[in-house]
Amino acid sequence: MAIILGIESSCDDTSASICVNGKIYSNIIASQVIHQKYGGVIPELASRVHQQNIIPAVHQAIADAKIHKNDIDAVAFTRGPGLLGSLIVGTSFAKAFALANGLPLIEVNHMQAHILAHFIDENKPSFPFICLTVSGGHTQIVLVKDYFDMEIVGQTTDDAAGEAFDKTAKMLGLPYPGGPLIDKYAKEGNKLAFKFPEPQIHGLDFSFSGLKTSIMYFVRDRLKDDPDFLQNNLADVCASVQERIISILLNKLKKAAVQFDIRNIAIAGGVSANSGLRAALNQTAEELNWNVFIPKFEYCTDNAAMIAIAGHYKFLNQEFVGQDVAPMARMKF
Ligand code: KG4
Ligand code: ZN
């Protein structure tokens, strides 16, 4: 019997979760709306709001799981990567909670946890598999050989896929975070209406900055000719941009599948909530006979359930860290 408290605070979501023997009993996510009016996450504000949210989130996670604080066997927390000020709040809370209750501490890498979210529910991938991890800060193709034996075989050389969505949204006058809104408008648009360039980038790596620039010039030029262009064409622009981002991601994923001769393919991270990406992946799976693993929506964007499940597997190996552990803004696998 192992009960793990998971804590996530790497960016702008404060989250706490209880995992009992590998099953998620609660997953509380307090999202921070304050950043919306600034069009992006303000690190200083994020850490202040984590401070306010973390204790209520943990209380709620314990209450929802119908356990008692004293039943908890270990505390798992996101050590990195992420915003340092945000990570400090979760790490300090986890350390204090562990110290006060005489519990072991488990450090978790946020990017590994996104991938390990696939082990929350019944349909678990078998090793090895390839995971495309696409979030606001990262775009990675990861060769997953075991729970904690992962190799990044491709990654972005500039912006992340989530950033491409969010920055496009900003150029279109949409609030932060723009990814879900582009997804929403794209559903009513024609994805073939406008053509955006595909970057020519070597191997399994990605680049999104050229696409961002081309969208910026496209919007500027169209608005010059027609000031109402965005009002009248928003859905088509969203659908066309989304289509290009998806094709960039899937082309590299196909390349990786061939290169490593692996047909177990997963996606993870905030952008894996994108309905266009999910549909395109399912279609590719049919064409290429892949076994695909797509997380439930609540486990795509940042959440502590993925930290708790990662903590569960580390607990089985008794992989603990000491009270001297410090957060790491840039944390490698
Ligand atoms: O994994 P995540 O919650 O946080 C990071 O670790 O970065 O990912 C957040 C990113 C944001 O860029 C957000 O716009 C994007 O995921 N995102 C989406 C969708 N839902 C969230 N992008 C496209 N379509 C969505 N439905
Ligand atoms: Zn994330």
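In what follows, Lys and Arg count as positive and Asp and Glu as negative, while His and the chain ends are not counted. The place of a charge is NZ of Lys, CZ of Arg, CG of Asp or CD of Glu. On that basis, the mean positions of the 29 positive and 34 negative charges of the protein lie 2 Å apart.

The model is a predicted one, in which local features need pLDDT of at least 70 and side-chain atom pairs count only at pLDDT 80 or more, whereas totals for chains, interfaces and linings use all residues. Residues are numbered from 1 along each chain as its sequence is written, chains are lettered from A and ligands numbered from 1 in the order in which they are written, and side-chain values use heavy atoms, leaving out hydrogens and water.

I turn now to the metal site. The zinc ion (ligand 2) has as protein donors His-110 (NE2), His-114 (NE2) and Asp-302 (OD), at 2.0 to 2.1 Å. Donors here are N, O and S atoms within 2.8 Å of the metal (3.2 Å for Na, K and Ca); water is not among the atoms, so sites may look incomplete. The sequence spacing of these donor residues is H-x3-H-x187-D.

Both histidines belong to helix H3 (residues 110-116), 4 residues apart, about one turn of the helix. Helices (H or I, at least four residues) and strands (E, at least two) are DSSP runs, numbered from the N terminus. An α-helix has 3.6 residues a turn, so residues three or four places apart point the same way. His-110 and His-114 are both buried, that is, under 20% relative accessible area, with exposed over 50% and partly exposed in between (1.4 Å probe, protein chains only).
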